[in-house]
Amino acid sequence: MAKSSPHSFSEPAARAPRLWVDQGLAPGATSELPARAARHVAALRLRDGDAVTLFDGQGGEWSAELLRVGRDRASARLLAWHDLERESPLTVTLALGISSGERMDVAIQKATELGISELVVFTSERTVPRPANSAARKLARWESIAREA
């Protein structure tokens, strides 16, 4: 019995890591992966020739093959477009009070994985005050967590 190739690109790789990229994607193009995605590729110990799935949040995804993998840099060649919609057709808004420590990060990650459409963060009478100068950093971090989830 013949074994199937783990690098079959005719359909989306079921177990290939999904990586978000913030640039336009085109068939046959070579894409330099963002620094975060490149570090993720290195952490997974992926090598040149390994399959990955790239998406830009605009709908659909691309099967891709890693070309050059380094510690802080990686590039991939786009192979095939797949018109898949992984987003929920439901519109769900979650109101979430700011929590301390990593709890907020985990709540955002899990809510995104469950398919929320919108997240409204609020403070309440019981919210521990946060310094105003870190608000922009926290918002950027939460957006990054949601995108990666």
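Glu32, Arg68 and Arg73 are joined in a network of salt bridges. Keep in mind that this is a predicted model, so treat each distance here as a computed value.

Let's take the network apart. On one side, Arg68 pairs with Glu32, with their closest N and O atoms 3.6 Å apart. Arg68 sits in strand 4 and Glu32 in strand 2 (residues 30-32), so this bridge ties together parts of the chain that are 36 residues apart in sequence. On the other side, Arg73 also forms a salt bridge with Glu32, and here the closest N and O atoms are 3.5 Å apart. This second pair links distant parts of the chain too: Arg73 belongs to the loop between strand 4 and strand 5, while Glu32 is in strand 2, 41 residues away.

How open to the outside are these partners? Glu32 is partly exposed, at a relative accessible area of 32%. Arg73 is exposed, with a value of 57%.

Another bridge joins Arg77 and Glu65, whose closest N and O atoms are 2.4 Å apart. Arg77 lies in strand 5 and Glu65 in strand 4, so the pair ties together parts 12 residues apart in sequence. The two partners fall into separate exposure classes: Arg77 counts as partly exposed at 33% relative accessibility, whereas Glu65 counts as buried at 19%. That 19% falls in the buried class because the cut-off is under 20% relative accessible area. As background, side chains of opposite charge can pair when their charged atoms come close. The structure holds 6 salt bridges, and the table shows three of them, including the two that share Glu32.

| Salt bridge | Closest N and O atoms |
|---|---|
| Arg68 and Glu32 | 3.6 Å |
| Arg73 and Glu32 | 3.5 Å |
| Arg77 and Glu65 | 2.4 Å |

Charge turns up in one more setting. The charged end of Arg18 sits over the ring of Phe55, 4.1 Å from the ring centre. As for rings meeting rings, the count comes to 1 aromatic pair.

Now for the nonpolar side of things. The largest nonpolar core has 16 residues, and Leu19, Leu33, Val52, Leu54 and Leu66 have the most contacts inside it. Which elements give two or more residues to this core? They are helix 1 (35-43), strand 3 (51-55), strand 4 (61-69) and strand 5 (74-82). Apart from this core lies another, of 5 residues, among them Met104, Ile108, Trp142 and Ile145.

Leu54 is a handy place to look around. Not counting residues up to four places away in sequence, Leu54 touches Leu19, Val21, Leu25, Leu33, Glu61, Trp62, Ala64, Ala76 and Leu78.

Helix 1 offers two alanines to set side by side. Ala38 lies in helix 1 and is buried, with a relative accessible area of 0%. Leaving aside neighbours within four places in sequence, Ala38 is in contact with Leu33, Arg71, Asp72, Arg73 and Ala74. Arg73 there is the residue that pairs with Glu32. Ala38 and Leu19 are 19 residues apart in sequence and 9.1 Å apart in space, C-alpha to C-alpha.

Ala42 is also found in helix 1, but counts as partly exposed at 28% relative accessibility. Again setting aside residues up to four places away in sequence, Ala42 touches Gly70 and Arg71. From C-alpha to C-alpha, Ala42 and Arg71 are 5.8 Å apart, though 29 residues separate them in sequence.

Stepping back to the whole chain, the secondary structure comes to 3 helices and 7 strands. From the N terminus on, the elements run β-β-α-β-β-β-β-α-β-α. Of the 149 residues, 28% count as buried. Among contacts between residues at least 6 apart in sequence, 60% join residues at least 24 apart.

Finally, a word on confidence. The chain averages a pLDDT of 80, and 85% of the residues score at least 70. Where does the pLDDT drop below 50? That happens over residues 1-13, a stretch that has 20 contacts in the model beyond near neighbours in sequence. Where pLDDT is low, the predicted coordinates should not be read in detail.

Notes
Residues are numbered from 1 along each chain as its sequence is written. Side-chain values use heavy atoms; hydrogens and water are left out. Rings of Phe, Tyr and Trp (its six-membered ring) pair if their centres lie within 6.5 Å; planes under 30 degrees apart count as stacked, over 60 as edge-to-face and the rest as tilted. A charge sits over a ring if NZ of Lys or CZ of Arg is within 6 Å of the ring centre and within 35 degrees of the ring normal. A nonpolar core is a set of buried Ala, Val, Leu, Ile, Met, Phe, Trp, Tyr and Cys residues joined through side-chain atoms within 4.5 Å. Buried means under 20% relative accessible area, exposed over 50%, partly exposed in between (1.4 Å probe, protein chains only). Helices (H or I, at least four residues) and strands (E, at least two) are DSSP runs, numbered from the N terminus. Contact means heavy atoms within 4.5 Å. pLDDT is the predictor's confidence in each residue, from 0 to 100. A salt bridge is a side-chain nitrogen of Lys or Arg within 4 Å of a carboxyl oxygen of Asp or Glu.
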